[in-house]
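Trainee: Could you walk me through how to read helix packing in a model like this one?

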Amino acid sequence: KKDSYAREYREDGSYHYPRNPENILRRRGERYFAPAEVTGARTIGKDGKRKFSLLELFRDEALPALDALKLLIENELNQKFGGQHTVIIRYQEDGAGPHTAKELIAFLKAKFLRRGWMFKRQPANSPITNIMDYWIFPVLSKVISANQSVVNGNKPLKGEASWNAVKRAYDELLLENIAKAFLAHHQVVNAISASNGGDEYAQKSNGLHFGLRRRIAPIYEEGKNEPVGVTLVINDDEIDAGELDEVRKVLKYDTPDISGLDPGNFLNEEELLAIKTEFDTMQREYGRFRAAFESHGLLDVNAEADGVDAGEA
């Protein structure tokens, strides 16, 4: 579209749109904010207005970006550890209205299945089993609320101002902190297990604070000053002796012992296939998973040959 300019009023009350650089609102070819309803697949509504289609977003931007990310991670793993590694994307979303559109669900399932990826729904009553609801959304909310109070006198930001505030807050999130949130998220799973599937843990004072900061350490590659990731320190030998007792106290929930559970009763064929793709028959755990692979028709007895006995030993 063409350049657009701001309206200016004359002394007699009439107005015009002076075409000068100081008065320009948008330049031709530049992206600009336009309010639109989020839909699952529809691009045009009954009112003729443009909609924000999640199907279009996945098709044109999200899936190509995930394909590129998968290749990037696989190449880095292959170079660092040797061999051929496979990255499997696991996408999880809630039951918001646009997410339930039949056309969108069919599209995503087909695209994920072709790639060997996983498409899942999060538990309806446990939003914090999604890292977005557990950490990213609350952090963004705090940052945006603080910004709103400064620039808009505690009045809600609207339209383009709201969009810019959200985008700025997201762009400023540190990747290191997002990685820490993923590492800490296993405590949510442990807490749900300790509560027998309930949410009693979340109702307690500081229920969602699991005290993992002292257990998380940055990862550095040789010759680099910036961390390339973070790791969770599990082995007490890696913690300074003077801090050991204090660090032990901060872990709220122990990881439940699942060694006696049959994986076939808890994992579906898609999940088992993803695990089998990276499983070495010589691994000690292989024997426990073998029956689940077999019951779901994923086991090639001839191909595994002698590895089964070694894995079960």
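**Two helix pairs**

Mentor: Start with α9 and α10: they are oblique to each other, because angles under 35 degrees count as roughly parallel, over 145 as roughly antiparallel, 65 to 115 as roughly perpendicular and the rest as oblique. This is a predicted model, where local features need pLDDT of at least 70, side-chain atom pairs count only at pLDDT 80 or more, and totals for chains, interfaces and linings use all residues. Residues are numbered from 1 along each chain as its sequence is written, and side-chain values use heavy atoms, leaving out hydrogens and water.

Trainee: At what angle do α9 and α10 pack?

Mentor: Axes are lines fitted to C-alpha atoms, for helices over the stretch in contact, and angles run from 0 to 180 degrees between N-to-C directions. Helices (H or I, at least four residues) are DSSP runs, numbered from the N terminus. Here α9 (residues 269-277) and α10 (residues 286-295) pack at about 130°, axes 10 Å apart.

Trainee: Which residues meet there?

Mentor: Contact means heavy atoms within 4.5 Å. From α9, Leu272, Ile275 and Lys276 meet Phe289, Ala292 and Phe293 of α10.

Trainee: And how are α1 and α2 arranged?

Mentor: Helix α1 (residues 54-81) packs with helix α2 (residues 102-115) at about 20°, with axes 11 Å apart. That makes the pair roughly parallel. Among the residues of α1 in this contact are Leu54, Phe58 and Asp67, while those of α2 include Phe107 and Arg115.

Trainee: What is the mean pLDDT of the chain?

Mentor: pLDDT is the predictor's confidence in each residue, from 0 to 100. The chain's mean is 81, and 85% of its residues reach 70 or more.
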